[in-house]
Structures are given as C-alpha cells and as structure tokens.
Amino acid sequence: MRVQAKIIASLLVLSQFAIAGPAEPSSSASLLGSPEFRPSPDRPIGWRGDWTGRFAGATPPTTWSRRVHGITTSLRYQAAKPAGDPGKESKALEYFTLKDWLIAGPFAVQDPAKDIDQDFLGGEAAVAPADGQKGWKYLRADIDTQSRHDHNEGTCGQSYVDFVFAYGKFSVEGPGVKVEGDFNNKAAYAHTYLFSPAEAKIQLQIPFDGAAAKYWLNGKPTLLDPKNRGKAIETTLAAGWNRLLVKVSVAEGLGKHYSGRWLSKWMVAAYITPVGPVTYETKNVTWMTKLTGRSMSQPIVVGDKVFVGSGISDLLCLSKADGRVLWLRTTTPYDGIPAAERAGLKEKIEPLLAQLARLNDETVAAINAAVSPQGLSSDKAAELDKKLRAKRDLETDLHKTLEQIDRKRFPPYPANEVSSSNATPCSDGARVYWAAGGGMK
C-alpha cells in the first residue's frame with residue numbers, strides 16, 4: 001500500500017506538467033520525422049519513432065561532430081618507430097587517449113617503491129624502441145586487453161596498458177578465469193611516439209596502479225605522485241615527433257575484484273588535453289544548449305518543441321528551431337500534496353519554492369544567452385556552472401527540509417544514484433507527461 005501511495009503521489013506531481021491546449025493539425029500525408037509532421041492523439045509519437053525505431057521523413061546529416069579547437073585535434077601518435085612524417089600507421093587522439101604502445105618487461109625489483117630509478121634499459125632517457133627489438137612488443141590499450149570490464153568502472157573511464165593482462169597466462173576455470181604468472185615486485189615499461197605540427201603546451205595525465213611510476217618526455221624524467229595519480233601536468237611538446245616512455249613498478253600486481261574475480265593492480269594510461277580555456281569547432285550542428293544538470297532522459301520532439309528531463313527534477317521545453325529554453329519546470333514532492341494539507345508546511349517550504357522560481361528564471365536567461373552551434377568555451381561553461389550549482393544547492397536544501405518532515409512521504413530526489421530526471425517524456429500530441437522520482441538511497 002505504501003508503494004501504491006507513492007505512485008499516486010507521483011502522478012499528482014506529473015499533473016503539474018501537463019501542457020494544455022489543442023493539438024496542432026496533422027496531415028496523414030506527412031511522414032513521421034518531416035518538418036510538416038505534427039503529432040495528434042491518433043498519431044502520437046515517442047522516442048521509438050514509428051515503433052520500428054525509424055523516423056521515415058527525417059533527413060538528418062549523416063556526419064556531424066564537435067571537437068576541441070586546438071592542438072590536440074592536430075596531434076598524431078603511433079607505437080611503431082617513425083621514419084618520417086605521420087602516415088597510415090598514425091592515429092588521431094581518441095577522446096584524448098593514447099592507446100597504441102610498445103611494452104617491455106617484466107623486470108624484477110627488490111623494493112618497487114624505492115627502486116623506481118633502477119634503469120633496466122641501459123639508457124631510459126634515450127630509448128627509441130621498435131616492435132620486436134630487444135623484447136619490445138606491441139599492445140593496444142583497449143577493452144579487449146584489460147581486466148576491468150565492469151559497468152561504470154574501469155574501461156568505462158580509462159584505457160589502461162594492463163601489464164597483468166600483457167604478461168599473464170589465462171585459462172577458463174569454472175565460471176571465472178584463472179590467471180597464472182609472477183606479478184610480485186616487478187617493473188615494466190610502455191612507450192609511444194607522438195607527433196605535433198608545432199611546439200605546443202599541453203596537459204598530460206598519467207593515472208596508474210602500482211607502487212611507483214615515472215615518465216620521460218623526450219628524455220626528460222618526471223616522477224609521478226602515487227597520492228595524486230590523475231594529476232594533470234602542464235608540459236610542452238616539441239615540433240615533430242616526441243617520445244613518451246612510462247615505467248610502473250608494483251609490489252603485488254594481481255588483486256581480487258569485490259565479486260571474487262581477478263583484478264589487475266598493475267596498469268597505466270596516458271591522456272593529453274589542451275591547456276584552457278578550451279574552445280570547440282562543430283560540423284553540421286545547428287545549436288547546442290546547456291542543460292541544468294546530469295540526466296539519462298531521452299529528448300522527444302513534439303511539433304516545433306523539444307522536451308527533455310534534466311538535473312534533479314527539471315523538465316525543459318526547448319525550441320526545435322534555435323535551441324532556446326522556452327520554459328523550465330522543477331518538481332518536488334510538495335507538488336503532490338493537496339492544498340488542504342499544505343497549511344503546516346507553507347512557512348518552511350514556500351519561501352524556498354519562491355527562491356527556486358527566481359533562480360529558474362535566471363537560469364533560463366543564462367542558458368539562452370549561451371546557445372550556439374559551437375557550445376560554450378570551458379571558461380564560459382564554468383561561469384554558467386556556478387549559477388546551476390546555486391540552483392542545485394537550493395533544490396537540495398528544499399528536499400532535505402521535506403525529508404526532515406517525513407522521509408517516507410517525501411523521498412529525497414537528490415539521493416538518486418544518477419538522477420531522478422532520467423525518465424523520457426511522452427506525448428499524445430496535445431500534452432506532455434513526464435515522471436521524476438528519487439529516494440533510491
């Protein structure tokens with residue numbers, strides 16, 4: 001019964017977002033997805049299109065992109081030793097990631113932390129390896145060469161050179177995988193070549209798992225901080241080919257995942273990002289609009305409007321033509337309370353709601369001022385994020401106030417793992433319906 005009551009309360013909240021008014025006329029000759037198509041009660045639409053996933057009348061561009069406008073767009077890299085300008089072997093950065101490497105090892109060390117300066121190559125600063133030369137071999141740092149294959153973990157966020165995967169022997173054993181090899185008190189190297197058309201400042205990030213790590217850029221050594229493994233280091237690439245060598249030592253390279261499977265603790269990755277502020281260039285993008293926060297909601301198109309959920313519990317209506325926010329509505333559990341029951345809550349809640357309405361108006365104005373085909377530069381995005389943070393903090397205070405009154409009746413939306421605005425809106429051509437909810441944790 002409690003679950004049913006919560007569902008009813010959620011439906012009451014939804015009624016606050018019904019968009020009244022007559023449906024726009026729909027022509028039976030207009031194909032779904034065409035500019036002329038208008039949904040109606042007899043021909044409603046959703047994210048499934050014509051229920052096969054197709055929008056028969058749509059003519060979207062087949063190629064479109066948004067990329068950083070700067071040196072990182074021009075960089076090329078490869079594992080193979082270069083013999084001139086970049087050719088077919090070289091690649092552009094993939095989400096700022098270096099994935100093609102030559103690796104060497106493993107080498108035994110007595111103390112993996114203290115012995116990070118031990119030279120196993122006979123001249124680490126000058127090394128310029130080739131595949132198959134003196135024990136160097138090629139490794140692609142991709143999902144198929146890593147141990148972390150868990151949703152929302154590991155390979156979702158990193159592309160590591162996984163030395164356990166590279167040097168271990170694997171066999172299927174029951175429901176899991178058996179790993180054989182000596183991964184204690186070891187060190188190994190990874191090397192790649194990076195081409196820059198001109199001298200350029202960049203940010204280099206080298207997150208690693210292990211006891212200690214060190215890298216050389218064009219022979220210059222830098223010791224990595226094990227207490228700040230993802231720190232961005234500002235450095236300079238030379239014009240032409242650059243050499244990047246990384247060494248990682250480990251005390252115990254093979255660990256266990258929380259589910260009991262094996263897990264590598266001997267890995268390294270490398271990312272190159274531009275020095276801010278960052279601007280962007282786009283191709284076949286008409287407009288980009290900043291949303292109020294994180295969301296997994298899918299947008300829907302109804303006539304000349306786009307509807308999408310965002311942030312803690314925002315429903316946004318955007319103009320399909322230019323991306324401007326036409327209106328923004330924020331829901332809370334308070335919306336589902338009958339007017340007769342609000343008397344004891346008004347004093348605490350309604351001043352917060354008034355502040356939220358004012359912040360929503362300011363947020364819409366700030367977002368609309370930033371709509372463009374390229375999107376915001378990094379410094380402008382940071383300015384807008386301050387305003388969005390103020391709105392989010394106020395919403396969180398409002399939900400906490402309701403939670404303190406009665407948590408079972410007012411589940412806190414901000415406590416949801418991802419976002420309480422994940423649901424995709426739906427429409428019958430005349431009204432839009434959308435659900436927001438929270439309290440998962």
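This is a short dialogue on reading a sheet, a core and a glycine.

User: What kind of model is this, and how are residues numbered?

Analyst: It is a predicted model, where local features need pLDDT of at least 70, side-chain atom pairs count only at pLDDT 80 or more, and totals for chains, interfaces and linings use all residues. Residues are numbered from 1 along each chain as its sequence is written, and side-chain values use heavy atoms, leaving out hydrogens and water.

User: In what order do the three strands of the open sheet stand?

Analyst: Strands of a sheet pair through backbone hydrogen bonds, either parallel or antiparallel. A strand here is a DSSP run of E, at least two residues, numbered from the N terminus, and two strands pair if DSSP finds at least two bridges between them. The order here is β6-β18-β11, with antiparallel pairing. β6 (161-162) and β11 (208-209) are at the edges with a single partner strand each, so one side of each has no neighbour in the sheet. Within the pairing of β11 with β18, Phe-208 has Val-268 as its bridge partner.

User: Which residues does Val-161 contact?

Analyst: Contact means heavy atoms within 4.5 Å. Leaving aside neighbours within four places in sequence, the partners of Val-161 include Trp-101, Ile-103, Trp-266 and Val-268.

User: Is Gly-210 buried or exposed?

Analyst: Buried means under 20% relative accessible area, exposed over 50%, and partly exposed in between (1.4 Å probe, protein chains only). Gly-210 has 16% relative accessibility, so this residue counts as buried. Gly-210 sits in the loop between β11 and β12. Its C-alpha atom is 9.6 Å from that of Ser-264, 54 residues apart along the chain.

Terms used. Helix = DSSP H or I, 4+ residues; strand = E, 2+ residues; numbered from the N terminus.
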